[in-house]
Amino acid sequence: MKWLVKSLLPLLVLASCSAEEGSMSDMEPVAPQEEEILGHGEMVLGETLQNPYSMENIEASMDALGMTKASPNLSANCIYVRFLPEDAVQFETLASLGLDLLDHPLDRRIIKDGDYWHDPSLPEESITWQYTVVPPDFEFPEGIRHEVLDECYVPDSGAQTRTEDVIDWDAVECKAYELTGNSDMISPGTRSKVRPSGRITITDRSLSSGRKVGVSGVKVMANTFVKVSSAYTDANGSYSFSSGFSAKPHYRLCFENKKGFSIGLNLILVPASLSALGKGMPEGMDYNVEEDSDDALFRRCVVNNSAYDYYEMCQREGISVPASNLRFWILASMNPSCTMMMHHGAILDAKLVGNYLDLYKALVRVFAPDITIGTKNKKDNYAAIYSSTVHELAHASHFQKVGTDYWGKYARYVIESFLITGSCYGTGNSDNAGYCEVGEMWAFFMERSLYKQRYGVTMGYGSLWFSPEIFDLLVEEGITRADICSVLNRNVCDAASLKTALTSAYSSKKSAITKAFAQYGR
């Protein structure tokens, strides 16, 4: 999939709606280590281990403990399987089934944990095998290649046996680990399965006292062999699993938020990125992300929290919530950020870029981003990443009000302005400038407003040919952010039509609205 990244990055630069400019640089590979440690590049795997949950090993464990007669008709309650989607459409089909997909074999020793793995037997431009467990009655999607690797029995999940109450499944599980040579993975202090719980936090040093805040709504995954479970954090970053573990699981964050957005793009393209947290105790793991933590993990957590808080604000205040299944890419090698809404159909039909993407339309519709966040000069700056993210999300709220045709004109202006003037905002004198005027007034206003609300600091707007300050004046007159958003329909495409829409909707404030626009020559 690396070829697609290289193909799309020039377009991302052109389509940027950020005032920041920048260039790309190659990402440096992470050198592999020789011992099991936590890393954030590509995983390093060792030999294949015996799976303690295979039917053969569970039955051998029961036999060794003299429990076979208690459950003579034990049957598998899950299947260890791998899928090989041949294209992005098939990958999306798998992702939509709600499976906890991992890109590495679950029965290999992990020498260095990491954020991704690609099967070396496959071409690097192809999607790699996706490993998971499914119930015995799972209906495999037609046309997607799959291989059944093992029939398993995981005592803590799936169907239970009729006589389970007379079987000590904790003892069976521990014996299975012992018989397969994996007893070192069992936590010495754990006599029976415990349900992991904990809290995932991040330090925002721009807040008073640099306090910790929860990583909100993110998916926490844990697994030991084919025992895979997941849970979402709450607003405070706390999580609790429904499944118990006796062995020490590997924990990782999947940036698929319960609010309906995901953060993708590692060195290969995935809808939701994974960040390894390492091996932890069965009781759970508390983990705090700092500015000096892994760069990718820090950036993902900040964008995650910024988006989660933005969605909460929209729902609380009645502002248009961004589209469901919103896709973020975080581009550490670039400064600009942009909201192209490509996954939701925008830009792909624009004549200016249609020929460029024609060969890849089917693929881009699945993997392409809606929002890209450039973090080259702000990789460890929570407040700066927050600022960029809420700016772009304000655009996503606007998109929900106006649709793809409007957004296509907006994008055309941005791209042409960049090509002609070197600035994505241009001079305001060419066709479709009004779309940019309205969209950027709203985004800059929301960015400044939300930044002040979070940090108590008033940002400046800088030198712009459009005037977001007008909205600040309207707020002083009692017109809310939701009121402003409510008039941003597809007919509002310049300052004049914006003023008309506001005075029509809030006639009692007509004098104040007219005065605010006049103060900035509109």
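The exercises below, each with a worked solution, concern a predicted model.

**Exercise 1. Sheet order and pairing**

Determine in which order the strands of the open sheet lie, and which of them are edge strands.

Solution.
- Step 1: The open sheet is made of three strands, ordered β5-β3-β6, with antiparallel pairing.
- Step 2: β5 (130-134) and β6 pair on one side only, which makes them the edge strands.
- Step 3: On average, neighbouring strands of this sheet are turned by 25 degrees against each other, direction ignored.
- Step 4: Strand β3 (residues 78-84) and β5 run antiparallel and are joined by five bridges. Among the paired residues, valine 81 has threonine 132 in β5 as its bridge partner.

**Exercise 2. Burial of β5**

Decide why β5 counts as largely enclosed by the rest of the structure.

Solution.
- Step 1: The cut-off for a buried residue is under 20% relative accessible area.
- Step 2: Of the five residues of β5, four are buried, so the strand is largely enclosed by the rest of the structure.

**Exercise 3. Isoleucine 167**

Place isoleucine 167 in the chain and state whether isoleucine 167 is buried or exposed.

Solution.
- Step 1: Isoleucine 167 sits in the loop that lies between β6 (145-152) and α4 (169-179).
- Step 2: The relative accessibility of isoleucine 167 is 8%, so this residue counts as buried.
- Step 3: Methionine 67 is 100 residues away from isoleucine 167 in sequence, yet their C-alpha atoms are 6.8 Å apart in space.

**Exercise 4. The crossing of α5 and α8**

Classify how the axes of α5 and α8 are oriented to each other, and give the handedness of the crossing.

Solution.
- Step 1: The axes of α5 (residues 295-317) and α8 come within 9 Å and cross at roughly 45 degrees.
- Step 2: Angles under 35 degrees would be roughly parallel, and 65 to 115 roughly perpendicular. The two helices are therefore oblique to each other.
- Step 3: The crossing of α5 past α8 is right-handed.
- Step 4: The contact residues of α5 include Phe298, Val302, Tyr310 and Cys314, and those of α8 include Tyr382, Ile385, Leu393 and Ala394.

**Exercise 5. Nonpolar cores**

Identify which residues have the most contacts inside the largest nonpolar core, and which helix gives the most to this core.

Solution.
- Step 1: The largest nonpolar core has 90 residues, and Tyr310, Phe328 and Trp442 have the most contacts inside it.
- Step 2: With 15 residues, helix α8 (residues 382-421) gives the most to this core.
- Step 3: Leaving aside residues up to four places away in sequence, tryptophan 442 touches residues including Ile319, Ala394, Phe471 and Leu488.
- Step 4: Another core lies apart from the largest one; this core has 23 residues, among them Cys78, Leu122, Val154 and Met185.

Conventions: Residues numbered from 1 in each chain as written. Predicted model: local features only at pLDDT ≥ 70, side-chain atom pairs only at ≥ 80, totals over all residues. Heavy atoms only, no water. Buried < 20%, exposed > 50% of the residue type's maximum accessible area, 1.4 Å probe, protein only. Pairing = 2+ DSSP bridges. Axes fitted to C-alpha atoms, helices over the stretch in contact; angles between N-to-C directions. Core = buried A, V, L, I, M, F, W, Y, C linked by side-chain atoms within 4.5 Å. Contact = heavy atoms within 4.5 Å. Parallel < 35°, antiparallel > 145°, perpendicular 65-115°, else oblique. Left-handed = near helix turned anticlockwise from the far one by under 90°.
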